[in-house]
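Here are my notes for someone opening this entry for the first time. Have the structure on screen and go through the points in turn.

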Amino acid sequence: MFASLDILPIDVILGVVVFWLVLGMSGLVLRNARQITQFIFPLGALGSLVLAIAALPGLSEVNIAILPLGLPDLPFHLRLDALSAFFLLLLGAASIGISLFSAGYFRHMKMVELGPLCLEYHLFLASMALVFLADDAYMFMVAWEAMALSSYFLVTTDHDQPEVRRAGFLYLLIAHVGAIAILMSFGVMHGGHGDYSFASMREANLSNFWASVAFFLALFGFGAKAGLLPVHVWLPEAHPAAPSPVSAMMSGIMLKTAIYGILRVSFDLLGTQLWWWGAFALALGLVTALFGVIFAAVQVDMKRLLAYSSIENIGIIMVGIGLTIIFHTSGKEALAALSLTAALYHAINHAFMKGLLFLGTGSILHATGERHLGKLGGLIHKMPKVALFMLIGSLALAGLPPLNGFVSEWLMLQAFLLSPGLPQPYINMLVPIAAAALALAAALAAFVMVKFYGVIFLGQPRDAGITAHDAGLWERIGMLCMVLGCIALGLFPTFVILHLDFVTNMLVQSSLGSSAVQSGWLLLTPIQAERASYGPLILMSIIVIGVLLTMLTVKRFYHGRLRRGPAWDCGFPEQSARMQDTAEGFGQPIRQIFEWFVGVVRKAPTPFDKHPHFHSEIHDRLWHLIYVPIKRANDMIGYQIGKLQHGRIHAYLLYSFVTLLALLAFVQ
Amino acid sequence: MPIPFSAQVINMCAALLLLIAFAMLSQRRVLSLINLFALQGLILAVSTTVVAYSSNQHHLYYSAALTLLLKAIVLPVILYKLIHKLDIRWDVETMFNIPTIMLVGLLLVVFSFNLAAPISQMAGTITKSTLGIAMATVLLSFLMMITRSKAVPQVIGFLAMENGLFFAATSATYGMPMVVEMGIALDVLIGMFILGIFFFQIRTAFDSLDLAHMEKLKED
């Protein structure tokens, strides 16, 4: 579409990046908070829209640009190919709604905070776009670090609270540990010759050993950003600490930059792949998914719950990537395309679903000032519009048809079901177990969403002191954008898959498109029509017709005989809000089953307590198993090294004396 | 091949320097330490003069004069005045196990002779055999700095180390260029003044010149 104007898509995308940077700068110049929320953020959303549109033609062509920036003789290389275009599309499409929502969400903020926030927000967007465009390790790391730093400052917006500062520090620490691993991975892929451009990394012929080292360093480094086990600990801390649009952006989009990085390294930069990488990624993804969903089920803080749910979804995407590597290395290209499509589809779905839910929690937080599920309840009466949006988001995340979450999980399970016939017998035997675990995770995710939605919106308010009002116009528009995305992705999967074909063609040299539409665009058919196919529009119309028929029947036969009365009170004379199920109560069965896994600390009252108080806390066992020992070892080493310095001049003299003798003996 | 007379004198001076270094290592009285230091400077000046005479290196005469002036006269006088003012003239230092220190010193001498052997063979100077002794003097003075707990003996150790370095320079290459030597001499003088001021400061702060008290300065 830009061909007639002779403008390449990459030029448009770079224009959007510059536009975002200018918008961010204007946040420091403008003196009026209203101007920023009413103009700058909607303009940022416009930039997102342009970016998404420009990324579409980028799927089918390769653009290269060299920026005359950076160090002397080390310019920034940029490249727009199918993989980057897909993730840029994700970035643009999902950030439209988030930016519009931000226009409303930040309107009460003080100017002194809003200006820097505006800068960091748009810098964050621009750096994510540059991460997807980078074509050399130098540019990539610069953009990656800019992304980490800007998001760190966004997370610590409320830095007057100590727990926010703590969460921000944890995030920054893990982000940097990950960045070091990524840097080392690039160093290994560089292979000791050529420069650090991705083009020369593709040329480098690595031995299997060094390729594995590079892959696992990248998996660890990007996993730290994505929230894979065991470097997931920052997610449940940072997401509740950040303002909701920022959480939406981080969870919806930033985690996908890590997915992009893993795909870029393992399918594009590394020439070879080994099947056991896939098996490892598959196992890691499964463990992460189960871990995330079980912890999500027992949370009582709504943003924490969503953060653990993000861990679960990243796990599912990793399962797809692992499966793709297994299929790809065994020469089953069609199946590799299927599972890669499922993973990518889930990535873009998750951006919309989780973005929507985080935005919704932002509206709830604004309206009630409460994050704790135990104090919310019955909000459907006070916030009907938000309740509707959140219902759609929750259903999508629960993986119910005809919404988008179902499509990707269904595709993923199809890939599992079609997997028999792999050359490795052990993998062949383990794949059904993995499929069962994935199904378990999906089912538990539905449970989590029932809890999330039910406790917040249904029932009666649990805390009488909480007042609420529906979200403002900008917030509703923002959420509506995300809802439309969820619905569109759910109802028109064949169109999405036709676009994903460019990516799968590039990465695994095969595509799903031809077989997916073999039964017409209404029906999605992964491999063969006899085996399985799915028609979301047909399902949707059946549901709609069914509901309409039921309503008509009810009206026809019971018309006028409907009356509203008090709920059945089970023999109690009066009902109070305290009689309904709480968030803890709802999660109790899961906590009971997985108690060995989640680590519960209970404080029960003694029989003689005048004011009995029951308290239970969920602990992340990995924190105690991994992070606490690392910290202890670090402290101990520091203490031992500190002993060297004890303030005695003689000892210091002795150090230099011994060093002198050693050096003399050495040169001799 | 008989050794020329001048070389014999130089060798004797070197032997005396080594002896003085050992004496300083085991000397517990501050006053005697300063005497030893002055003697060391004197011997250094004599040996430099002999080297200058025997090798016709005229700039070494200036070096010798400078050494005599600074290390045998000025610095000892400053040190005398200092300990007089600080009233530690008759101080006796407590040291741990002098025989052990002497044994360690012996090992150091063996080590430095071993180290200097290949270098001496390459050097074409008349003084080449004394290089090992020069290095031993440096290391022994360093050892002295480590084993002393009071500030003044440590500074004397530091100055003695500089003497050793000077001797090493003369024996290996007939001395350093004049500019460098002047610079070092000035450095030593200034350093002495500054350290003198520090002594007073340390004493006002800790009521003692025992450096063990400075351990308190360490942050925990």
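1. Let's start in a loop. Pro402(A) sits between α15 (384–397) and α16 (404–417) of chain A, in the loop that links them. The bond leading into it deserves a look: the peptide bond from Pro401(A) to Pro402(A) is cis, with omega near 5 degrees. For background, most peptide bonds are trans. Keep in mind that this is a predicted model, and that goes for everything below.

2. There is another cis bond in chain A, from Leu229(A) to Pro230(A), with omega near -5 degrees. Where is Pro230(A) found? It is in the loop between α8 (208–226) and α9 (234–241) of chain A. Remember α9(A), as it comes back in the next point.

3. Now follow α9(A) to its contact with helix α6 (residues 162–190) of chain A: the two axes come within 9 Å and cross at roughly 135 degrees. Parallel or oblique? An angle of 65 to 115 degrees would count as roughly perpendicular and one over 145 as roughly antiparallel, so α6(A) and α9(A) are oblique to each other. The crossing is left-handed. On the α6(A) side you'll find Glu163(A), Val164(A), Ala167(A), Gly168(A), Leu170(A), Tyr171(A) and Ile174(A), and they meet Trp234(A), Glu237(A), Ala238(A) and Ala241(A) of α9(A). By type, the contact has eight nonpolar residues, one polar and two charged.

4. For another kind of pairing in chain A, go to helix α2 (residues 33–58) and helix α4 (residues 111–133), whose axes come within 11 Å and cross at roughly 5 degrees. That angle makes α2(A) roughly parallel to α4(A). From α2(A), the residues involved are Ala33(A), Ile36(A), Ile40(A), Gly44(A) and Leu51(A); from α4(A), they are Met111(A), Leu114(A), Cys118(A), His122(A), Leu125(A) and Ala129(A). How many of these are charged? None: the split is nine nonpolar, two polar and no charged.

5. Over in chain B, try helix α5 (residues 131–147) and helix α6 (residues 151–173), with axes that come within 8 Å and cross at roughly 165 degrees. The two are therefore roughly antiparallel, and their crossing is left-handed. The contact list here includes Leu131(B), Met135(B), Val138(B) and Phe142(B) from α5(B), with Phe158(B), Met161(B), Leu165(B) and Phe167(B) among the residues from α6(B). The residues of this contact come out as 14 nonpolar, seven polar and no charged.

6. What about the two chains together? The contact between them involves 10 residues of chain A and nine residues of chain B. On the chain A side, five are nonpolar, four polar and one charged. The model as a whole scores ipTM 0.82 and pTM 0.77.

7. A word on domains. The domain assignment of chain A gives domain 1 (1–201), domain 2 (273–556) and domain 3 (621–667). If you're navigating between them, the C-alpha centres of domain 2 and domain 3 of chain A lie 51 Å apart.

8. Last, how far to trust the details. Chain A has a mean pLDDT of 84, with 94% of its residues at 70 or more. Which element of chain A has the lowest mean pLDDT? That is helix α20 (residues 513–516), at 68, while helix α5 (residues 137–155) has the highest, at 91. In chain B the mean pLDDT is 82, and 92% of residues reach 70 or more. Among the elements of chain B, helix α7 (residues 178–206) has the lowest mean, 80, and helix α2 (residues 30–55) the highest, 89. Where pLDDT is low, the predicted coordinates should not be read in detail.

Technical notes:
Residues numbered from 1 in each chain as written. Chains lettered and ligands numbered in written order. Predicted model: local features only at pLDDT ≥ 70, side-chain atom pairs only at ≥ 80, totals over all residues. Axes fitted to C-alpha atoms, helices over the stretch in contact; angles between N-to-C directions. Helix = DSSP H or I, 4+ residues; strand = E, 2+ residues; numbered from the N terminus. Parallel < 35°, antiparallel > 145°, perpendicular 65-115°, else oblique. Left-handed = near helix turned anticlockwise from the far one by under 90°. Contact = placed C-beta atoms within 7 Å. Nonpolar A, V, L, I, M, F, W, Y, C, P; charged D, E, K, R; others polar. pLDDT = per-residue confidence, 0-100. Domains from an automatic or database assignment.
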